[in-house]
Amino acid sequence: MTRAAGTAGGASRQAGSIREALTAATDALSAAGIEGPRLDAEILLEHATGWDRARIAANPESGLPAGAARQFGESVRRRLRREPVAYIVGTKWFRSLELAVDPRVLIPRPETELLVELALELRPRTVLDVGTGSGAIALAIADELPGCEVTATDTSTGALEVARANAGRLGLTERVRLVEGTLPSGSDDFDLVVANLPYVSEAEWAGLMPEIVEWEPREALLAGPDGLDAIRSVLPECAQRLRRSAANEPGVLALEVGEGQAGVVATLLGETGARKIESRRDLAGIPRVVVGEIA
């Protein structure tokens, strides 16, 4: 074993300098086949020390406090077991919000911001977020559209516990109503319904990264042979919960989808009576969100 790899594995025994710790951790993570090993090491070191990246970069020869070195070493060992960085540090940024995350919820992805951007474009009075998970979409919409009433649902009790904790910490408890189940009971309807439902197919599952397959909640990802079981099951009901606005404008339904699914989902959306159906691409150019108006 090289000295660098040995230092990463033994960070709890020898503190060393910032440079040594980062180099050892980066080498160990790289050898394990982890993408972006240097960035992961830096994030884990920031978490262990409580120092920001500027301080770490400006003082590479500074020694690490023993406690921080031990925590960093344990964090690196967890990452080597392919535990996602977000679960190790316990948080993930989504737009301007730092959200608490753990294995009860999916880690928010940048492409999901498309649903928030749609809400900002439409400026609805009422929004329903189906399958809220950590609360990322609902809380971001409530934060960026102060006049909007947001309802968020999830079938997972654990996910709702995480979402409620995030809402409380961000001061948004009074702005976001969290409901257990697929859709809220009663006759409430909404100007905009957004949903980031499971859309991974059974054929895709085995080929996903270990960080996803071994750590993220399977029930929030996997959705049958073609990945569309969850969308098919809730789409008609979601369409029924839309209403015309005071200006007699149609309600809008938007769904995040997987690569190659936009065409099929557009057809399913059309079967509900939706019109003006379009797809919006993420930063990789993949059609990621399917949008339709329900008159």
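These are my notebook entries on two arginines, the cysteines and one helix pair in a predicted model.

**Entry 1: backbone at two arginines**

I started with the backbone angles. Most residues other than glycine have a negative phi, so I looked for exceptions. I came across Arg 95, whose phi is positive at about 55° although it is not a glycine. I then asked where Arg 95 lies. I found Arg 95 in the loop that links strand 1 (91–94) to strand 2 (97–100). I looked up its exposure too: Arg 95 counts as partly exposed because its relative accessibility is 26%.

Next I turned to Arg 123, another non-glycine residue with a positive phi, here about 50°. I placed Arg 123 in the loop between helix 7 (113–122) and strand 3 (126–130). Is Arg 123 buried or exposed? I noted a relative accessible area of 56%, so Arg 123 is exposed.

**Entry 2: looking for disulfides**

I wanted to know how many disulfides the whole structure holds. My search came back with zero. A disulfide is a covalent bond between the sulfur atoms of two cysteines, so I went on to the distances. Why is Cys 148 not bonded to Cys 238? The closest cysteine sulfur to that of Cys 148 is in Cys 238, and at 16 Å this is too far for a bond; the cut-off I worked with is 2.5 Å. Looking from the other side, I saw that Cys 238 is in no disulfide either, and its nearest cysteine sulfur is that of Cys 148, 16 Å away.

I also checked burial for this pair. Cys 148 counts as buried, at 2% relative accessibility. Cys 238 is buried as well, with a relative accessible area of 1%.

**Entry 3: helix 2 against helix 3**

My last stop was the packing of helix 2 (residues 18–31) on helix 3 (residues 37–49). I read an angle of about 130° between them, and their axes lie 8 Å apart. Which label fits that angle? The two helices are oblique to each other, because an angle over 145 would be needed for roughly antiparallel and 65 to 115 for roughly perpendicular. I noted the crossing of helix 2 and helix 3 as right-handed.

Then I listed who touches whom. From helix 2 come Ile 18, Leu 22, Thr 23, Ala 25, Thr 26, Leu 29 and Ser 30. Across from them, helix 3 offers Pro 37, Arg 38, Asp 40, Ala 41, Glu 42 and Leu 45. Sorting this contact by class, I got seven nonpolar, three polar and three charged residues.

Notes. Residues are numbered from 1 along each chain as its sequence is written. This is a predicted model: local features need pLDDT of at least 70, side-chain atom pairs count only at pLDDT 80 or more; totals for chains, interfaces and linings use all residues. Side-chain values use heavy atoms; hydrogens and water are left out. Helices (H or I, at least four residues) and strands (E, at least two) are DSSP runs, numbered from the N terminus. Buried means under 20% relative accessible area, exposed over 50%, partly exposed in between (1.4 Å probe, protein chains only). Axes are lines fitted to C-alpha atoms, for helices over the stretch in contact, and angles run from 0 to 180 degrees between N-to-C directions. Angles under 35 degrees count as roughly parallel, over 145 as roughly antiparallel, 65 to 115 as roughly perpendicular and the rest as oblique. A crossing is left-handed if the near helix is turned anticlockwise from the far one by less than a right angle, and right-handed if clockwise. Contact means heavy atoms within 4.5 Å. Ala, Val, Leu, Ile, Met, Phe, Trp, Tyr, Cys and Pro count as nonpolar, Asp, Glu, Lys and Arg as charged, and the others, Gly among them, as polar.
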